[in-house]
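Visitor: I have some terms to go through, and I would like the reasoning behind each one.
Guide: Then let us take them one at a time.

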Amino acid sequence: MSEEPQPPNQADQPQPPSTNYGYQSYDQTYPSYNVQPSYSVPATTDNNTNAPNRWRRWVGYNALAFGLSCVIMPLGCCVMSVIANVLRSGLQELVDNPNFNLAGAIGVFVLLSFPLFLTIGVASMIQRAALYHQVPAKLWFFGSALSGIAAMFVAMMLMGMIAALFDLDFTPNAYLLSIVGIFAGTSTGIGFFQWWQIRRVVINAWHWPLISGATWTGLGTLILGVGMRYLYNRLGI
C-alpha cells in the first residue's frame with residue numbers, strides 16, 4: 001500500500017515578513033516636527049535690575065547724570081561760542097530784548113544742538129550703568145540723544161507759541177515755568193525711547209521713565225529754576 005503524501009508542516013516553512021503571528025497589525029506613526037511651537041520663552045531678566053529697592057539706584061544714577069550734565073553743557077556752549085560767533089550775537093539779542101521770541105529760540109536751539117547731543121549722550125551712558133548695561137550701547141546713546149533733542153525742540157516750540165498767543169513777557173515766573181516745561185518735555189521724550197528699549201528685560205519698565213523724568217525735572221527746576229530765579233531777584237535784573 002502506497003502512502004499518500006502529507007502536506008508540509010507550516011511551522012517548518014519560512015514565514016514571510018508580513019506574517020503577524022497572531023498579533024493585530026498596526027501602523028507605526030512618528031510625530032511631525034514641522035509645526036512651530038505655540039509657546040515662547042520669555043527673555044531673561046536680571047534680579048538686580050528688578051530688585052524691590054531698584055528705585056534708589058535709579059535715582060542716584062540719574063542725579064549723577066544730571067550733575068555731570070551741568071558741567072558738560074556749559075563746556076559745550078563755550079566750544080560752540082568759539083566756533084560760531086553767531087551764538088554770542090543770538091544770546092546778546094535775547095539779553096537786549098528779553099521777550100519770548102520763537103525765531104530767536106529756534107536759532108539758539110540749533111546752535112546748542114551739538115552740546116545738547118553730547119550732554120544727553122553722556123548722561124544716557126550713566127543711566128545705562130544703572131540698568132547694569134543690559135541694553136546696546138550705541139542704540140542707547142544715539143537714540144536717547146536724538147529723542148531728547150527732538151523732544152526739547154517740540155517743548156520749546158509749544159512754549160513759544162503759548163507765550164506768543166498770550167503775549168507773555170520774560171518774567172521770573174515765566175522763566176520758572178519754561179524750565180519746568182523744557183525738562184519735563186525732554187525727559188518725556190527720552191523716557192519713552194528708553195522704556196521701549198528696556199521693556200523686554202525689566203519688569204514694570206514704565207517705572208524707569210517716571211523715576212528718571214521726575215529726577216531730572218525736579219533737580220532742573222530746583223537748581224536752574226528756583227536757583228536762577230533767586231539770583232534774578234537778588235541782582236534785580
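Visitor: Why is Asn204 called partly exposed?
Guide: In this predicted model, Asn204 has a relative accessible area of 41%. Buried requires under 20% and exposed requires over 50%, so Asn204, at 41%, is partly exposed. Asn204 belongs to the loop between H6 and H7, and its phi is positive, about 55°, although the residue is not a glycine.

Visitor: What makes Tyr132 partly exposed?
Guide: The relative accessible area of Tyr132 is 32%. That value lies between the limits of 20% and 50%, so the label is partly exposed. Tyr132 is in the loop between helix H4 (113-130) and H5. Its phi is near 60°, a positive value in a residue other than glycine.

Visitor: How do you know that the charged end of Arg57 sits over the ring of Tyr132?
Guide: The charged end of Arg57 is 4.0 Å from the centre of that ring. The distance limit is 6 Å, so 4.0 Å satisfies it. The charged end of Arg199 likewise sits over a ring, that of Trp196, with 3.8 Å to the ring centre.

Visitor: Why is Leu112 called buried?
Guide: Leu112 has a relative accessible area of 18%. Buried means under 20%, so Leu112 is buried. Leu112 lies in the loop between helix H3 (102-111) and H4. Its C-alpha atom is separated by 8.2 Å from that of Gly76, 36 residues apart along the chain.

Visitor: What makes Ile190 count as buried?
Guide: Ile190 has 12% relative accessibility, and the limit is under 20%, so Ile190 counts as buried. Ile190 is found in helix H6. Leaving out residues up to four places away in sequence, Ile190 touches Ile120, Ser144, Ser147 and Gly148. The C-alpha atoms of Ile190 and Gly148 are separated by 5.1 Å, with their positions 42 residues apart along the chain counted as the distance apart.

Visitor: How do the axes of H5 and H6 cross?
Guide: The axes of helix H5 (residues 137-166) and helix H6 (residues 172-198) come within 8 Å and cross at roughly 145°. The crossing of H5 past H6 is right-handed. Among the contact residues are Gly143, Ser144, Ser147 and Gly148 of H5 and Gly181, Gly185, Gly189 and Ile190 of H6.

Visitor: What classes of residue make up the contact of H5 with H6?
Guide: The contact has 11 nonpolar, 11 polar and no charged residues. Gly counts as polar here, so the glycines named above fall in that class.

Visitor: Why is the pair of Phe66 and Trp216 called edge-to-face?
Guide: A pair of aromatic rings is described by the distance of the centres and the angle of the planes. For Phe66 and Trp216 the centres are 5.5 Å apart and the planes make an angle of 80°. Pairing needs centres within 6.5 Å, and edge-to-face needs over 60 degrees, so Phe66 and Trp216 meet both conditions.

Visitor: What makes this pair a link between distant parts of the chain?
Guide: Phe66 is in helix H1 (residues 54-83) and Trp216 in helix H7 (residues 207-235), 150 residues apart. Both Phe66 and Trp216 are buried. Ring pairs also join Phe66, Phe183 and Trp216 into a cluster, and the structure holds 8 aromatic pairs.

Notes. Residues are numbered from 1 along each chain as its sequence is written. This is a predicted model: local features need pLDDT of at least 70, side-chain atom pairs count only at pLDDT 80 or more; totals for chains, interfaces and linings use all residues. Side-chain values use heavy atoms; hydrogens and water are left out. Axes are lines fitted to C-alpha atoms, for helices over the stretch in contact, and angles run from 0 to 180 degrees between N-to-C directions. Helices (H or I, at least four residues) and strands (E, at least two) are DSSP runs, numbered from the N terminus. A crossing is left-handed if the near helix is turned anticlockwise from the far one by less than a right angle, and right-handed if clockwise. Contact means heavy atoms within 4.5 Å. Rings of Phe, Tyr and Trp (its six-membered ring) pair if their centres lie within 6.5 Å; planes under 30 degrees apart count as stacked, over 60 as edge-to-face and the rest as tilted. Buried means under 20% relative accessible area, exposed over 50%, partly exposed in between (1.4 Å probe, protein chains only). A charge sits over a ring if NZ of Lys or CZ of Arg is within 6 Å of the ring centre and within 35 degrees of the ring normal.
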